[in-house]
Amino acid sequence: MSYAISGECCSDASCVAVCPMNSIHPSPGEPGFGTGVSLFIDPRTCIDCGACADICPVDAAQPADQAATEDVERNAEYFAGQEPLEATDLDSWEPPSYQVWGGGPRRVLVVGAGPAGMYATRELLLRTTAEVTLVDRLDQVGGLVRYGVAPDHPSTKQIVQVFERILHHRRVRWMPGTDARELPGVAAGGSSGARRGPVDGFDAVIHAVGARRSRRLGIPGEDAACTAEDFVAWYNGRPGAVAPAELAGPRAVIVGNGNVALDVARILLSDERRLRGMDAPLDVKRRLAASGIKEVVLLGRRGPQDAAYTESALQELRSAVGDRVQLRHHARPTAWTSEGLTLDSGESIAAGNLFTAVGFEGRPIDGLPFDPDRGIVPNVRGAVVDRPGHYVAGWIKRGARGGIGVNKACAQETVLTLVSSSRVPASPGS
Ligand SMILES: Cc1cc2nc3c(=O)[nH]c(=O)nc-3n(C[C@H](O)[C@H](O)[C@H](O)COP(=O)(O)OP(=O)(O)OC[C@H]3O[C@@H](n4cnc5c(N)ncnc54)[C@H](O)[C@@H]3O)c2cc1C
Ligand code: SF4
Ligand code: SF4
């Protein structure tokens, strides 16, 4: 599926900045932009991530199956006869905009190869002459796109191929399987509250480590539940992910009402035919098929008007699993036992498994300040407060919300801040 833009579009180009695939045209600088005509989405490259719809002020961007047929056709026609544009065509990039920034070796360390780290790297290559060392403790790029996005959303996962191309740039040094905390000097990047510079050997560090720790419910028995963090890592085959101890039907309860809770419900209730088409490890598919889970109860603390999931995610769930999912609102769990889940109303829901999907939060980074309430590193437009040379991007900068595309604008802001604070007048021979 792709998205399509309707005639309601006022062409303010907000969506162009967040589209991870460069699918929206004409963009600023291209012929036709600013002439009052609406923008269009190229259905051949759109990965269905929804970032354009999230940001559009007039709801002009819609999933193609919810948009009017004439809008879908109009979008496709705009691109007919043209070659699809690459999202990251490194060769066609403009020369760097900033020749000199900082007097040192112009080396930047980017920690984390999820969307935020990859967009930050791309932006550094585009805007500076810096050499970028990119590390991730995993062996692959993509972060939560590879190991979080559900395996029945293969088009969304395609962005990983775009990220992989960035690794081949001559100014990128990719160090897979490297935990930044093991690099000399990183852990001491700003210890004891002292004002310290960036870490050894680098002019700047961008921390793009995400926010993957699951929030907790704080109820007795919770330790026996499966967190969304563990479950999505398992069904996506993340190295080191722990399989749930047991998947026991016929009913499972999921606490949470965001898109991740809906992902978990959809995967749990997928029949063998759906599972077969998924890009998930074979043993995961076998265990899911044999689980005997026939029904899922989704619990939300507040009413449907406060639900955090999107309408399109709910529709997808309904069409994938029918009425085998039951939405319960205004329900607070108080205890989990092997018999089931007790609610604050005194009611008990018999179930074999409890899943918690109540959001994610960041963890503190050694040597940097941390805001425990928001689960972020305090920053001003990406510059870490009181730690010159340290920057943040993505979920550790803004908190755990927003899809893939939002990290593009977020990383661009961070790099702009970094470049602005590092730029010095060019000197001969530098
Ligand atoms: C379950 C789930 C499903 C989602 N599905 C969708 C979807 O369908 N569509 C959508 O648009 N968005 C989706 N999102 C949101 C999207 O994944 C996030 O917006 C995005 O991944 C955040 O990017 P990030 O780079 O900040 O963090 P991450 O993607 O978490 O990347 C952080 C990276 O840092 C690395 N790292 C962490 N600590 C260290 C360290 N000490 N040293 C080295 N490396 C380190 C990690 O290994 C990871 O690769 C989903 C999120 C979740 C949780
Ligand atoms: S954000 Fe909405 S109104 Fe603005 S250009 Fe994109 S589709 Fe049009
Ligand atoms: S933002 Fe996402 S959904 Fe919108 S056009 Fe780009 S790739 Fe497609």
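In the predicted model, a nitrogen atom of ligand 1 is placed 2.9 Å from a polar backbone atom of Ala180. Two further backbone approaches involve oxygen atoms of the ligand: a backbone N or O atom of Leu144 lies 2.8 Å from an oxygen atom of ligand 1, and a backbone N or O atom of Pro115 is found 3.4 Å from an oxygen atom of ligand 1. Taken alone, ligand 1 would expose 1000 Å², of which the protein buries 93%. The surroundings of this ligand comprise 30 residues, and those that come nearest are Asp136, Leu144, Trp395, Gly402 and Ile404; Leu144 is thus named both among these nearest residues and as the source of a backbone atom 2.8 Å from a ligand oxygen. With respect to secondary structure, helices α4 (115-127) and α9 (259-268) each contribute at least two residues to the shell around ligand 1. Sorted by class, that shell contains 15 nonpolar, 11 polar and four charged residues.

The other two ligands considered here have surroundings of their own. Around ligand 2 there are 13 residues, of which Cys9, Asp12, Ala13, Cys15 and Cys56 come nearest, and the shell is made up of 10 nonpolar, two polar and one charged residues. Ligand 3 is surrounded by Tyr3, Cys19, Pro20, Ile24, Ile41, Cys46, Ile47, Asp48, Cys49, Gly50, Ala51 and Cys52, a set that divides into 10 nonpolar residues, one polar residue and one charged residue.

Two buried residues were examined in the region of strands β2 and β3. His25 belongs to strand β2 (residues 24-25), and its relative accessible area of 4% falls under the 20% limit, so His25 is classed as buried. The side chain of His25 reaches the backbone oxygen of Asn22 at 2.8 Å, and a polar contact, likewise of 2.8 Å, joins the side chains of His25 and Glu30. When residues up to four places away in sequence are left aside, His25 touches Glu30, Leu39, Phe40, Tyr78, Phe79 and Leu85, so that Glu30 appears both in this list and as the partner in the side-chain polar contact. Ser38, for its part, is located in the loop between β2 and β3 (40-41); because its relative accessibility is 8%, Ser38 also counts as buried. Again without residues up to four places away in sequence, the residues touched by Ser38 are Ile5, Ser6, Cys9, Pro26 and Arg74. Among these contacts of Ser38 is Cys9, which is also one of the residues that come nearest to ligand 2.

Helix α8 was considered next, together with its packing against α11. Because seven of the eight residues of α8 are buried, this helix is largely enclosed by the rest of the structure; the buried residues are Ala228, Glu229, Phe231, Val232, Ala233, Trp234 and Tyr235. Two packed helices are described by the angle between their axes and the distance between the axes. For α8 (residues 228-235) and α11 (residues 282-289), the axes come within 9 Å and cross at roughly 120°. The contact is formed by Phe231, Trp234 and Tyr235 in α8, which meet Val284, Arg287 and Leu288 in α11, and the residues involved divide into five nonpolar, no polar and one charged. Phe231, Trp234 and Tyr235, which take part in this contact, are also listed among the buried residues of α8. Just after α8, Gly237 adopts a positive phi of about 70°.

How values were computed:
Residues are numbered from 1 along each chain as its sequence is written. Chains are lettered from A and ligands numbered from 1 in the order in which they are written. This is a predicted model: local features need pLDDT of at least 70, side-chain atom pairs count only at pLDDT 80 or more; totals for chains, interfaces and linings use all residues. Side-chain values use heavy atoms; hydrogens and water are left out. A residue is near a molecule or strand if one of its heavy atoms lies within 4 Å of it. A polar contact is a pair of N or O atoms within 3.5 Å; within protein, one must be able to donate a hydrogen and the other to accept it, and residues adjacent in sequence count only if both atoms are side-chain atoms. Accessible areas come from the Shrake-Rupley method with a 1.4 Å probe; for residues, only the protein chains shown count as cover. Helices (H or I, at least four residues) and strands (E, at least two) are DSSP runs, numbered from the N terminus. Ala, Val, Leu, Ile, Met, Phe, Trp, Tyr, Cys and Pro count as nonpolar, Asp, Glu, Lys and Arg as charged, and the others, Gly among them, as polar. Axes are lines fitted to C-alpha atoms, for helices over the stretch in contact, and angles run from 0 to 180 degrees between N-to-C directions. Contact means heavy atoms within 4.5 Å. Buried means under 20% relative accessible area, exposed over 50%, partly exposed in between (1.4 Å probe, protein chains only).
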